[in-house]
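Visitor: I'd like a quick walk through this model, a few questions at a time. Can you put it up on the screen?

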Amino acid sequence: MKELLIIAIVIMVFLVIFQIAKASEYVSVLKGEDKTRKQTNKINGFLLISFLILGLIGVYVCNEWFYPKTLFPAGSASVEGEKIDLMLYITIGVTGVVFLITQILLFWFSFRYQEKDGKKAFFFPHNTKLELLWTTVPAIFLTVLVVFGLVNWFKMTGEAPKNATLIEITGHQFAWDIRYPGKDGVLGKKNYRLYNKPSGNTLGVDFQDPASLDDLKTTEMHMPVNKPVKLVIGAMDVIHDVGLPHFRMKMDAVPGIPTTMWFTPQYTTEQMKVRTGNVNFRYEISCDQVCGKSHFSMRGIIVVETEGEYNKWLDAQKPDYYAMYPDKDPTAKPATPDTTKKLIAAILPVKK
Amino acid sequence: MSTVITANEAILHGVQGDSHAEHHHKETFITKYVFSQDHKTIAKQFLVTGIIWAFIGGLFSVIFRLQLGYPESTFPWLEDLFGHWAKGGKIQPEFYYALVTMHGTILVFFVLTAGLSGTFSNFLIPLQIGARDMASPLLNMLSYWFFFMASVVMISSLFVQTGPASGGWTVYPPLSALGDASMGSKIGMDLWLVSMALFIVSSLLGGLNYITTVLNMRTKGMSMTRMPLTIWAFFFTAVLGVLSFPVLLSGAILLLFDRNLGTSFFLSDIVVAGKILPNEGGSAILFQHLFWFLGHPEVYIILLPAMGMSSEILSVNSRKPIFGYMAMVGSLFAITVLAFLVWAHHMFVTGLNPYLGGIFVLLTLLIAVPSAIKVFNWLTTLWRGNIRFTPAMLFAIGFVSLFISGGLTGIFLGNSALDIHLHDTYFVIAHFHIVMGVASFFGLFAGVYHWYPKMFGTYLNNTLAYIHFWVTIVGAYLIFWPMHYEGLAGMPRRYYDFSTWESFKMFGGLNEFISLIAMIVFAAQLLFIINFFYSIWKGRKVTTMNPWDANTLEWTTPIRPGHGNWVGEIPEVHRWPYDYAKESKDGKDFIMQNVPVGDDEEKH
């Protein structure tokens with residue numbers, strides 16, 4: 001019923017507007033079309049300049065309202081991200097000045113040079129000096145922005161520092177899997193054909209590779225503060241994207257083509273709770289490349305903590321290999337024979 | 001759809017005088033209104049089909065904005081309309097992604113490519129260069145009917161059980177290649193690809209025709225440098241399309257192979273829905289290269305016609321010559337060339353080689369230079385003019401404003417290091433909607449308001465036109481300006497719901513506001529559609545041949561020109577099209593292109 005009412009009201013509004021529009025057309029014919037045209041010209045000239053003034057006030061108000069909700073008041077959570085923030089401020093400055101000048105000129109000229117009786121436009125087809133001026137000035141500013149940008153770009157996409165903590169992150173519909181290289185610092189080889197869900201080998205890790213035996217698989221990503229982190233990024237099914245807005249980082253996860261990203265977190269999760277004034281703050285990994293129906297809920301968590309806390313957490317993790325083959329685990333009680341058999345049966349078909 | 005068009009056309013031309021200059025062969029209803037080879041009729045067919053598509057595409061955005069604006073609410077009437085897609089009155093995620101994908105596909109290709117350049121290239125090229133029709137009227141007709149077939153296939157994909165394509169308008173594989181990865185990647189995706197293939201055929205037939213016509217069929221005296229900027233823009237648009245659409249076609253066909261014939265062009269190392277796929281050695285990134293090799297020129301295919309028409313309209317209504325004609329042509333040319341060399345800026349975060357990325361940054365930001373030239377030239381055109389605010393003029397001014405606003409944010413996104421942060425956030429949505437979507441729509445509206453009297457021999461209602469303009473420009477800024485802030489907060493695009501995210505859930509109120517404005521702006525577009533169709537029959541009649549006091553040749557044709565455009569000889573051109581602010585012999589402030597140069601004048 002409510003919907004019908006709304007539809008009826010909308011149709012009424014349309015009809016009223018339409019009738020007014022029709023009537024105004026008749027009125028204009030009666031009054032003399034030229035006279036009406038001149039009147040509406042004045043009205044629209046006035047509206048254009050009003051739009052400029054109200055618009056600029058709106059830009060200011062919008063900034064007052066929404067700037068506090070952006071990521072910038074809390075600062076970048078990574079050292080590298082600070083460069084991006086600086087670049088952003090410089091770009092906003094340069095483009096902001098251009099924006100103001102051009103928009104003000106556009107609407108001011110429109111208002112100032114609106115049609116007046118007896119006035120004639122100025123024949124001004126070209127002026128080489130002016131044209132050269134506004135070719136070279138933008139070119140110079142852009143060159144500065146490009147150089148500045150490329151310096152940052154090559155630094156960020158360059159090799160990660162040697163001491164970086166290595167972490168692997170793999171996307172699949174619709175979650176992230178995290179893998180740590182364990183004590184040897186090397187991630188075990190993978191082959192997607194070894195994927196086996198019942199056994200728990202959802203990443204297709206090749207356990208024939210000795211380097212894989214001490215690898216850890218986790219659901220949360222932990223990392224120590226103030227130490228570079230290198231992420232090796234992959235995907236099992238479709239393209240995903242590791243989006244880390246607080247660190248100003250982002251990289252696609254492409255099936256078949258591993259990618260990397262590195263950065264240096266500079267605030268722990270606890271520190272960020274204070275900086276953002278949000279006790280519920282968490283570093284979230286968002287999937288930034290549409291990947292299917294639950295794309296919007298493909299959420300991961302990063303915990304940045306002190307080196308001590310991180311090591312403690314790391315020590316508490318059990319290598320994935322032992323989780324899958326509990327009988328091989330020296331620290332665990334022997335599993336009941338039944339489960340072992342089932343597990344082996346599940347793994348066998350994919351063993352070469 | 002065809003019945004709608006034919007009905008319109010029938011009544012339209014029912015009152016048309018028999019001003020057929022050359023063509024006295026017998027025409028039936030079918031040859032005149034359905035399978036017409038008259039470029040003006042074909043243009044109107046493109047326009048009306050484009051309007052229908054724009055209504056559908058716009059409506060889709062209103063529906064998915066309901067979800068974004070009111071994620072907690074249910075709308076039982078949605079279930080009545082869409083059944084299980086909106087179970088319990090709540091838009092389902094699959095439906096949301098299908099709507100988003102179709103909104104993008106429809107507006108980018110079917111409205112702003114076919115509806116914009118299909119309409120105005122067809123309508124204006126012969127009229128403004130002084131030709132009786134296109135080089136090949138037959139291919140021109142086929143161009144429309146391929147577009148029509150593409151439309152039918154795309155519409156039909158909306159009605160299949162598993163729904164239309166839903167992997168975004170960019171249809172990146174593997175998501176789009178694997179039916180197991182998404183409902184929309186089942187039969188809906190095949191239909192999408194087939195429809196696009198037909199669309200590309202249409203675009204190529206049209207584009208080749210436009211190029212040939214511009215190069216070969218100009219009237220006596222119409223040298224290339226005497227062409228109106230509209231024609232230059234349509235010409236470069238056609239060149240862009242002809243050179244880049246085939247690449248998308250190859251991508252689409254390879255994707256069809258991967259989907260149906262077991263090839264591995266884009267697939268490698270995939271486990272989907274628990275199944276280990278045999279495909280190895282393909283590259284998902286390859287598709288992105290093929291897609292964006294068209295995809296980037298595509299945004300200029302959309303934008304250039306709007307630029308050309310705005311240039312013309314700004315000059316006519318400022319009563320001043322366009323400032324820096326040669327610089328305007330040169331910058332169009334520069335944009336055309338650069339448009340082919342920047343595609344990978346959509347791929348900065350795909351793991352692209354950083355050195356390659358660096359080159360693309362340089363080339364991308366280079367495009368800002370010709371763009372800046374155009375903006376300053378438009379501003380100087382207004383300076384010391386005697387400006388008439390016709391609805392077309394307001395839309396052209398709005399176009400410049402939006403082009404500035406959206407163009408400047410391109411400088412952020414083209415700079416790869418900044419793009420890392422802003423990529424695939426609402427900042428991108430704000431950027432391309434302003435600069436490509438709304439700006440081009442403003443160019444389209446400007447064109448419709450300006451050339452409507454030539455198309456139909458009637459005027460649109462001015463009051464409705466002014467309401468349409470003001471609601472649309474205010475609404476467009478209210479919708480897209482705040483989205484920049486959402487993007488600066490890292491809010492990802494193509495999210496169905498943000499409420500579970502600690503990082504993004506604080507924009508609930510803003511999202512609701514944006515949705516509300518979107519509905520109002522959509523309603524204003526309905527006013528335009530009503531005005532458009534009503535005025536065809538009931539609009540004020542045009543009584544003078546040249547209602548805007550313009551210089552170009554289309555205003556030398558009869559008020560309702562027949563097939564062949566001019567009665568008798570095609571006029572000869574003696575001057576450039578921008579002789580405004582000059583005293584003519586009969587005391588007017590403009591001299592039309594077909595007026596011989598007087599003894600006291602300089603030659604152009």
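Visitor: Which helix of chain B is A518(B) found in?
Guide: Before we start, keep in mind that this is a predicted model. The helix you want covers residues 508-538 of chain B. A518(B) is found in α18.

Visitor: Does A518(B) count as buried or exposed?
Guide: The cut-off for burial is 20 or more other C-beta atoms within 10 Å. A518(B) has 22 such neighbours inside 10 Å, so it counts as buried.

Visitor: What separates the C-alpha atoms of A518(B) and R65(B)?
Guide: Along the chain these two are 453 residues apart. Even so, R65(B) is among the residues that A518(B) touches, along with S61(B), V62(B) and I479(B), not counting residues up to four places away in sequence. The C-alpha separation of A518(B) and R65(B) is 7.7 Å.

Visitor: Now to G115(B): is this one buried or exposed?
Guide: G115(B) has its place in helix α5, residues 93-129 of chain B. Burial takes 20 or more other C-beta atoms within 10 Å. G115(B) has 25 of them, so the verdict is buried.

Visitor: How far apart in space are G115(B) and T105(B)?
Guide: In sequence they are 10 residues apart. T105(B) isn't listed among the contacts of G115(B), which are F46(B), L47(B), G50(B), W53(B), A54(B) and F110(B) once neighbours within four places are left aside. From C-alpha to C-alpha, G115(B) and T105(B) are 13 Å apart.

Visitor: Which helix gives the most to the side of chain B that touches chain A?
Guide: The contact takes 103 residues from chain B and 95 from chain A. By class, the chain B side has 64 nonpolar, 26 polar and 13 charged residues. The helix that gives the most to that side spans residues 391-414 and puts in nine residues: α13 of chain B.

Visitor: Over in chain A, what is the radius of gyration?
Guide: The secondary structure of chain A comes to eight helices and 10 strands. For its 352 residues the globule rule gives 20 Å, and the chain is well over that, so it is more spread out than a compact globule. Its C-alpha atoms fill a box of roughly 100 × 60 × 40 Å along the principal axes. The radius of gyration is 31 Å.

Visitor: What distance separates the centres of the two domains of chain A, domain 1 and domain 2?
Guide: Domain 1 is made of 40-114 + 129-158, while domain 2 is 165-350. Between them, 10 residues of domain 1 are in contact with 13 residues of domain 2. Taken over C-alpha atoms, the centres are separated by 40 Å.

Visitor: Which strands are at the edges of the sheet β3-β2-β1-β5-β8 in chain A?
Guide: This is an open sheet of five strands with mixed pairing. Inside it, β1 (165-172) and β2 (175-180) run antiparallel and are joined by five bridges, with G171(A) standing opposite W176(A) in β2(A). The strands that pair on one side only are β3 (216-218) and β8 (259-263).

Visitor: Which helix packs on the other sheet, touching β4 and β10 of chain A?
Guide: That open sheet has five strands in the order β4-β10-β9-β6-β7, again with mixed pairing. Its edge strands are β4 (221-224) and β7 (249-253). The helix covers residues 307-316 of chain A, and its direction makes about 140 degrees with that of β4(A): α6.

Visitor: What is the bridge partner of V242(A) in β9(A)?
Guide: V242(A) belongs to the pairing of β6 (240-244) with β9 (283-287), which run antiparallel and are joined by two bridges. The bridge partner of V242(A) in β9(A) is C287(A).

Visitor: Which residue in the hairpin of β6(A) and β7(A) takes a positive phi?
Guide: The two strands pair in the antiparallel sense over five bridges, and D241(A) stands opposite D252(A) in β7(A). β7(A) is mostly covered, with five of its five residues buried. Four residues sit between the strands of the hairpin, and the positive phi, near 60 degrees, is taken by R248(A).

Technical notes. Residues are numbered from 1 along each chain as its sequence is written. Chains are lettered from A and ligands numbered from 1 in the order in which they are written. This is a predicted model: local features need pLDDT of at least 70, side-chain atom pairs count only at pLDDT 80 or more; totals for chains, interfaces and linings use all residues. Two strands pair if DSSP finds at least two bridges between them. Two residues are in contact if their C-beta atoms, placed from the backbone, lie within 7 Å. Axes are lines fitted to C-alpha atoms, for helices over the stretch in contact, and angles run from 0 to 180 degrees between N-to-C directions. Ala, Val, Leu, Ile, Met, Phe, Trp, Tyr, Cys and Pro count as nonpolar, Asp, Glu, Lys and Arg as charged, and the others, Gly among them, as polar. The radius of gyration is taken over C-alpha atoms; the globule rule is 2.2 Å times the number of residues to the power 0.38. Domain bounds come from an automatic or database domain assignment. A residue is buried if 20 or more other C-beta atoms lie within 10 Å of its own, exposed if 12 or fewer, and partly exposed in between; C-beta atoms are placed from the backbone.
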